[in-house]
Amino acid sequence: MGTKLVLSIEDLPAWMNQPVPTIQVPSQLRDPHPVVAKLRDSQHGLPVVGPARNRALRLLHALALAAEARGHQVRAGTEAGQRDPLSQLVFVVQGHEVVLRVVQLKDRSKHVPTQKELAEKQRWPWTRIPDHDYTPNEKLKVELSRWSEYFQTTWTDGVRRQIDEKLSEILYEIEHRANLVDRRKAREEEQRRLEKIEQQKRLDRANVLFVEAHRAEVLSQQMAAWERARRLDAYLQAMEARIAAMGDPAEAEAAREWLAWAREHAQRTDPLKQRLALPATPEPTYSELAPFLGGGAHRGFL
């Protein structure tokens, strides 16, 4: 049989009910966001060169301000302990982090070997001369940290639309990922709750089966003791007849002493001479419950 899929429709959380407005990119970078100001002054934090660098800073500035306007936190990627040192911004949405970076695209051209490369190749044949050269151009790409669930991960300058027009989509994806984390956690918590309930049900069933098995065992022991008591009564009657036929008074006296003790013992061990009631159930250990956790009926009660 095929896998059964169950689809459900859930409302967006309240904090996502407001649509992401259009994000305007300033034409100049004046009074930049503090994180963007650090990137501007850093040599390695934003690996974008040429005129594209200023534009990348303006894009990041616009995204940071828009995110904070919607109640989110923004901090530098280098301050977040991220493994990727090229991540420029970290957005904290509902306590969940989404990492973003801007990458500069490059033009590829056929590589023309230099005289030095040709000389090294002649001297060391295993030396590899690259086939292409890569030169940074004016186009940019925005990347978000990859997750198992997402709508989109990258946005690139295109012929018809540049990233400037896609910032609202990027911020929506950032919020969407945080929402997914919340929903996933809610599902996991619900799954743990259901598993805990099911585990308790299994323990309850195991306890019931353990009690039944214990009572059945006590009943079996009582039956065995009762059968033994019936045989013992017959033996005591035969013992009494034998004592009556003894001719030696001393031997008869010793035998009657033994008979008296035997009768007291029979009285003590006969289950029908004792109080009849449900036996007390001992507190089981987990190892004693383990045979009953599978849910099957205990076999061989009697």
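A residue counts as buried when its relative accessible area is under 20%. Keep that cut-off in mind for the first stop; the model on screen is predicted.

**Stop 1: R55**

Select R55, which sits in helix α2, residues 51-69. Is R55 buried or exposed? Its relative accessible area is 11%, and because the limit is 20%, R55 is classed as buried. Now show what surrounds R55. Leaving aside neighbours within four places in sequence, its contacts are E138, L140, D157, Q162, I163 and D164.

**Stop 2: the largest nonpolar core**

Stay with α2 and bring up the largest nonpolar core, a set of 36 residues. Which of its residues touch the most other members? They are F91, L100 and I170. At least two residues of this core come from each of α1 (34-41), α2, β1 (73-76), β2 (89-93), β3 (96-110), β4 (132-144) and α4. Helix α2 gives the largest share, 10 residues.

Next, select L100 and display its contacts. Not counting residues up to four places away in sequence, L100 touches L60, L63, S87, Q88, L89, F91, V142, E143, L144, I170 and I174. Two of the names from the start of this stop, F91 and I170, appear in that list.

A second core is separate from this one and has 10 residues, among them I243, A252, L259 and A266.

**Stop 3: the strands**

Keep L100 selected and add L89. L100, in β3, is the bridge partner of L89. Strands β2 and β3 pair in the antiparallel sense, over five bridges. Follow the chain to the turn of this hairpin, where two residues lie between the strands. Select Q94 there: its phi is positive, near 55°.

Then move to the other pairing of β3. How many bridges join β3 and β4? There are 10, again in the antiparallel sense. To find one of them, select S109 and D133; D133, in β4, is the bridge partner of S109.

**Stop 4: a patch on the surface**

Finish with W226, in helix α4, residues 167-244. W226 is partly exposed, with a relative accessible area of 36%. Add L272 and L276 to the selection and switch to a surface view. Together with W226, these two leucines make a nonpolar surface patch of about 330 Å². Compare this with the first stop: R55 is buried at 11%, whereas W226 is partly exposed at 36%.

Definitions and conventions:
Residues numbered from 1 in each chain as written. Predicted model: local features only at pLDDT ≥ 70, side-chain atom pairs only at ≥ 80, totals over all residues. Heavy atoms only, no water. Helix = DSSP H or I, 4+ residues; strand = E, 2+ residues; numbered from the N terminus. Buried < 20%, exposed > 50% of the residue type's maximum accessible area, 1.4 Å probe, protein only. Contact = heavy atoms within 4.5 Å. Patch = residues over 30% accessible without salt bridge, like charges linked within 9 Å, V, L, I, M, F, W, Y side chains within 5 Å. Areas by Shrake-Rupley, 256 points an atom, 1.4 Å probe, with all protein chains shown as cover. Salt bridge = Lys/Arg side-chain N within 4 Å of Asp/Glu carboxyl O. Core = buried A, V, L, I, M, F, W, Y, C linked by side-chain atoms within 4.5 Å. Pairing = 2+ DSSP bridges.
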